[in-house]
Amino acid sequence: MSILESFANAIRGLLANKLRSILTMLGVIIGVGAIITTTAIGEGAKADITERIQTLGANILAVRPGQDRFRGRGSADSRKSLTVEDIAMLQERGKSFGYITPELSNRAQVKYLNRNTNTTIVGTSPEYLVTANFTVERGSFFTAHDIRYRQRVCVLGKTVADDLFGQTEPVGKTVKIRNIGFHVLGVMKEKGASGWRNPDDRVFIPYSTAMKRVFGAEYLSSISIQANDENLLQTAETEVTELLRKQHKIAANKELDFHVRNQAEFMETLEESSQTFTNMILGIAVVSLVVGGIGIMNIMLVSVTERTKEIGLRKAVGAQRTDILFQFLVESTTLALVGGIVGVGVGIIGAEAVPSLWGWRTEVSVVYGVLSFVVSALVGVFFGAYPAWKAAKLHPIDALRHE
């Protein structure tokens with residue numbers, strides 16, 4: 001019997017027992033579908049992280065108060081340690097870095113006439129445009145003069161501008177932040193949301209105004225520093241650490257009250273976390289494939305029992321053991337392949353649904369799609385081997401006498 005005839009017989013067998021075939025393939029469908037969907041989420045996360053690195057720049061250092069929760073030194077604490085004096089000192093003494101951006105952020109209600117939105121208020125400086133790679137689309141950003149005199153001026157993120165003004169031009173209007181009037185200087189160019197993070201859902205004000213007039217804060221949330229060159233990133237990180245250690249009067253053997261991270265390192269940590277999640281779900285998917293394979297083996301064993309007389313008759317008219325072995329292997333592989341095809345379709349549908357359901361970016365990988373299909377075929381061959389061998393070794397006389 002040719003390969004095509006064997007596949008045709010296998011398809012006829014599937015169609016003759018539709019419900020049993022569907023239930024048998026269910027494990028393979030779930031496993032392959034889970035592989036396609038989870039790898040699409042993982043690939044989307046990697047692409048998103050890569051874009052963030054390109055957007056924010058790999059030569060950016062982030063200084064934050066407290067311990068570093070990413071480097072195994074305990075969880076991040078709420079210690080407040082970064083001040084405006086730290087900014088002045090770094091600007092005066094820094095050699096391997098240039099732009100320095102203070103940042104103080106908090107959530108607050110912003111109003112315009114009868115519209116309002118709860119958004120993130122970012123107190124910062126003009127250098128933010130460089131260190132965070134932002135661009136003003138309309139109007140202008142605030143200046144050092146605005147910071148010096150604690151002016152009540154702001155620049156809106158695209159999302160905030162749309163929420164408050166719709167089609168109306170925001171520049172020149174006055175909004176209220178915590179019931180304090182702020183003159184709108186400009187609107188940022190849209191960056192686009194990525195998952196839970198939306199850089200457009202922000203309002204930017206001078207950090208001096210944020211500290212004294214809005215939040216009444218004495219400490220900064222973070223400091224962003226741009227190294228003069230990517231090759232000087234480690235040098236800049238060491239220099240910043242030593243300068244701040246001296247500024248905060250911390251002995252060499254004492255724990256720091258701040259931590260310094262470079263942007264690329266932070267994104268690498270996020271990528272590792274994303275990969276861990278993907279690997280965990282892939283493990284579950286592999287278990288589903290194994291369960292599906294066991295289901296195929298059980299059904300093929302039942303099929304061998306049901307078709308014992310047929311096997312005996314085929315052997316009696318000249319069929320060899322290899323013919324019987326091949327026939328049952330083709331049938332088990334066909335079950336797995338059809339399950340794999342359906343699973344790929346289910347996985348693609350799942351990957352397309354994820355962004356609308358949870359806002360996660362997904363990218364379906366052709367490589368993983370082909371790999372899943374091949375794995376499903378191997379599952380059919382592996383788990384169909386024992387039933388096929390059992391069928392092939394049946395003695396024709398015993399098989400013909402079987403009731």
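Q: Contact means heavy atoms within 4.5 Å. With that in mind, which residues does Val203 touch, leaving aside residues up to four places away in sequence?
A: First things first: this is a predicted model. Val203 belongs to the largest nonpolar core and ranks among the residues with the most contacts inside it. Once residues up to four places away in sequence are set aside, Val203 touches Val110, Thr119, Thr120, Ile121, Val122, Cys154, Val155, Leu156, Val160 and Ile177.

Q: How many residues does the largest nonpolar core have?
A: In soluble globular proteins, nonpolar side chains tend to be buried together. Here, the residues with the most contacts inside the largest core are Val63, Val175, Ile177, Val203, Phe204, Ile205 and Ile225. The residue count of that core is 58.

Q: And how many residues are in the other core, the one that includes Leu14 and Ala285?
A: This core lies apart from the largest one. Val304 and Ile311 are also among its members. Its residue count is 25.

Q: Are H1 and H11 parallel, antiparallel, perpendicular or oblique to each other?
A: Helix H1 covers residues 3-16 and helix H11 covers residues 321-358, and their axes come within 9 Å. The axes cross at roughly 60 degrees. Angles under 35 degrees count as roughly parallel, and 65 to 115 as roughly perpendicular. The crossing angle therefore makes H1 and H11 oblique.

Q: How do the residues in the contact of H1 with H11 divide by class?
A: On the H1 side you'll find Ile3, Ser6, Phe7, Asn9, Ala10, Ile11 and Leu14. They meet Phe326, Gln327, Val330, Glu331, Thr334, Leu335 and Val338 in H11. Sorted by class, the residues of this contact are nine nonpolar, four polar and one charged.

Q: Is Ile11 buried, partly exposed or exposed?
A: Ile11 sits in helix H1 and is one of the residues that meet H11. Buried means under 20% relative accessible area and exposed means over 50%. Ile11 has 34% relative accessibility, so it counts as partly exposed.

Q: What distance separates the C-alpha atoms of Ile11 and Arg261?
A: Along the chain, these two are 250 residues apart. In space, their C-alpha atoms are separated by 58 Å.

Q: Are H11 and H12 roughly parallel or roughly antiparallel to each other?
A: Helix H12 covers residues 366-392, and its axis is 7 Å from that of H11. The two pack at an angle of about 150 degrees, and the cut-off for roughly antiparallel is over 145. So H11 and H12 count as roughly antiparallel.

Q: How many nonpolar residues are in the contact of H11 with H12?
A: H11 passes H12 in a right-handed crossing. Residues including Ile324, Leu325 and Phe328 of H11 and Phe373, Val381 and Trp389 of H12 make the contact. Seven of the contact residues are polar and one is charged, while the nonpolar count is 16.

Q: Is Glu352 buried or exposed?
A: Glu352 is found in helix H11. Its C-alpha atom is 44 Å from that of Ile180. With a relative accessible area of 55%, Glu352 is exposed.

Q: What is the handedness of the crossing where H3 passes H8?
A: Helix H3 is residues 84-93, helix H8 is residues 233-247, and their axes come within 11 Å. The axes cross at roughly 130 degrees, so H3 and H8 are oblique to each other. The crossing is right-handed.

Q: How many charged residues are in the contact of H3 with H8?
A: H3 brings Glu85, Asp86, Met89, Leu90 and Arg93, and H8 brings Glu239, Leu243, Leu244 and Gln247. Four of the contact residues are nonpolar and one is polar, and the charged count is four.

Q: What is the phi of Leu113 near?
A: Most residues other than glycine have a negative phi. Leu113 lies in the loop between strand E2 and strand E3, and its 72% relative accessibility counts as exposed. Its phi is positive, near 55 degrees.

Q: What about Arg150: roughly what is its phi?
A: Look in the loop between helix H5 and strand E5. Arg150 is partly exposed there, with a relative accessible area of 38%. Although it is not a glycine, its phi is positive, about 50 degrees.

Q: Is Gln226 buried or exposed?
A: Gln226 lies in strand E9. Among the residues it touches are Asn59, Phe97 and Tyr99. Its relative accessible area is 18%, so Gln226 is buried.

Terms used
Residues numbered from 1 in each chain as written. Predicted model: local features only at pLDDT ≥ 70, side-chain atom pairs only at ≥ 80, totals over all residues. Heavy atoms only, no water. Axes fitted to C-alpha atoms, helices over the stretch in contact; angles between N-to-C directions. Helix = DSSP H or I, 4+ residues; strand = E, 2+ residues; numbered from the N terminus. Nonpolar A, V, L, I, M, F, W, Y, C, P; charged D, E, K, R; others polar. Core = buried A, V, L, I, M, F, W, Y, C linked by side-chain atoms within 4.5 Å. Buried < 20%, exposed > 50% of the residue type's maximum accessible area, 1.4 Å probe, protein only. Left-handed = near helix turned anticlockwise from the far one by under 90°.
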